[in-house]
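Student: I have a protein model open and I don't know where to start. Can you walk me through it?

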Amino acid sequence: PAGAAAAAGKPAGAPQAEEYKIGTFDLLEISVFQVPELSRTVRVDAQGLISLPMIGPTQAAALTARELEMLLAKRLSEKYLQDPQVSVFIKEYVSQRVVVEGSVLKPGVYPITGRTTLVQAVALAGGPNNVANPASVRIIRIKPDGARDVAGYNLEVIRAGSVEDPLIQGNDIVVMDESGGRAFLRDFGELMRSISPFGM
């Protein structure tokens, strides 16, 4: 169940740190073992494509480096090379954005460059506020088909080092939930101050 997954700090199937998805305008260093003429540095264009000799335009955005390696090797092996060994290194990450909202000190849209984790994204927004529930944080990710993928995390468990700090992707939405008890105390205090003749 979702509650148990959140309590554990990370649900089954949660994104792992190595699953950075290549984005538009990232700079990639592509090497083909023992075929130096095919090795080059290319930038992903606005459509998410790269262009390589013998292969032509290839979709790179939204793939991990490993997935792109496998795709390029497959295309090269179809016509030109026997068992090609392709390596993809992300040489330059281009700034993407993450939305951080809910019970944080400075909710808003923040630029992220390269590998950014959940803890780092929350820190960008000033960290939890005084009514936050760090044990209930959600990452909302919009899939290519428009569906929403929601994963729950326990920030306290992550900070304790018990589970991995998940990687944020560009356009993710991070929501820090509110603690019901803390919110009640805040609202009660504000109510008392508003009705007290002594300005509590």
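Tutor: Start with the inside. This is a predicted model, and its largest nonpolar core has 23 residues. Leu-28, Ile-30, Ile-50, Leu-68, Leu-72 and Val-86 touch the most other members of that core.

Student: Which elements supply at least two residues of this core?

Tutor: Strands S1, S3 and S5 and helix H2 each do. S3 covers residues 49–52. H2 gives the largest share, five residues.

Student: Is there another core apart from it, and what is in it?

Tutor: There is another core of 20 residues, lying apart from the largest one. Among its members are Val-100, Ala-121, Leu-155 and Ile-168.

Student: Why would residues like that collect inside at all?

Tutor: As a general tendency, nonpolar side chains in soluble globular proteins are buried together.

Student: Back to Val-86. What does it touch?

Tutor: Leaving out residues up to four places away in sequence, Val-86 touches Ile-30, Ser-31, Val-32, Glu-69, Leu-72, Ala-73 and Leu-76.

Student: OK, H2. Which of its residues are buried?

Tutor: Ala-65, Leu-68, Glu-69, Leu-72, Ala-73 and Leu-76 are buried in H2. Seen down the helix axis, the buried residues fall within an arc of 130°, so they line one face of H2.

Student: And what does the face turned away from the buried side carry?

Tutor: That face of H2 carries the exposed residues Arg-66 and Glu-78.

Student: What do the buried residues of H2 pack against?

Tutor: They pack against four strands: S1, S3, S4 and S5. S4 is residues 56–59.

Student: What span should H2 have, and what does the model give?

Tutor: At 1.5 Å a residue, the 15 residues of H2 should span 21 Å. The end C-alpha atoms are 22 Å apart, which agrees.

Student: Now the sheets. What is the strand order in the one with three strands?

Tutor: The order is S2-S1-S5, in an open sheet with antiparallel pairing. S2 (40–43) and S5 (86–92) are the edge strands, each with a single partner, so one side of each has no neighbour in the sheet. From one strand to the next, the twist averages 25°.

Student: Where does H2 sit relative to that sheet?

Tutor: H2, residues 65–79, packs on the sheet and touches S1 and S5. The direction of H2 makes about 135° with that of S5.

Student: How many bridges join S1 to S2?

Tutor: Four bridges join them, and the two strands run antiparallel. S1 is residues 27–32. One such pairing puts Glu-29 of S1 with its bridge partner Thr-41 in S2.

Student: I clicked on Phe-89. Which strand is it in, and what does it touch?

Tutor: Phe-89 lies in S5. Not counting residues up to four places away in sequence, Phe-89 touches Leu-27, Leu-28 and Glu-29.

Student: How far is Phe-89 from Glu-69?

Tutor: Their C-alpha atoms are separated by 9.5 Å, with the two residues 20 apart along the chain.

Student: Next, the sheet with five strands. What is its order?

Tutor: The order is S7-S6-S12-S9-S10, an open sheet with mixed pairing. S7 (108–112) and S10 (148–153) stand at its edges, and each has a single partner strand, so one side of each is left without a neighbour. The twist here averages 25° from one strand to the next.

Student: Remind me, what do strands pair through?

Tutor: Strands in a sheet pair through backbone hydrogen bonds, either parallel or antiparallel.

Student: So how do S6 and S7 pair, parallel or antiparallel?

Tutor: S6 (96–102) and S7 pair antiparallel, over five bridges. They form a hairpin with five residues between them. Gln-96 stands opposite Ile-112 in S7, and Arg-97 stands opposite Pro-111.

Student: And S6 with S12, parallel or antiparallel?

Tutor: S6 and S12 (residues 173–178) run parallel, joined by four bridges. Val-100 has Val-174 as its bridge partner in S12.

Student: Last thing. How many helices and strands are there in the protein, and how much of it is buried?

Tutor: The protein has five helices and twelve strands. Buried residues make up 40% of its 200 residues. Among contacts between residues at least 6 apart in sequence, 54% join residues at least 24 apart.

Notes: Residues are numbered from 1 along each chain as its sequence is written. This is a predicted model: local features need pLDDT of at least 70, side-chain atom pairs count only at pLDDT 80 or more; totals for chains, interfaces and linings use all residues. Side-chain values use heavy atoms; hydrogens and water are left out. Two strands pair if DSSP finds at least two bridges between them. Axes are lines fitted to C-alpha atoms, for helices over the stretch in contact, and angles run from 0 to 180 degrees between N-to-C directions. Contact means heavy atoms within 4.5 Å. A nonpolar core is a set of buried Ala, Val, Leu, Ile, Met, Phe, Trp, Tyr and Cys residues joined through side-chain atoms within 4.5 Å. Buried means under 20% relative accessible area, exposed over 50%, partly exposed in between (1.4 Å probe, protein chains only). The expected span of a helix is 1.5 Å times one less than its number of residues. The arc is that of the directions from the helix axis to the C-beta atoms.
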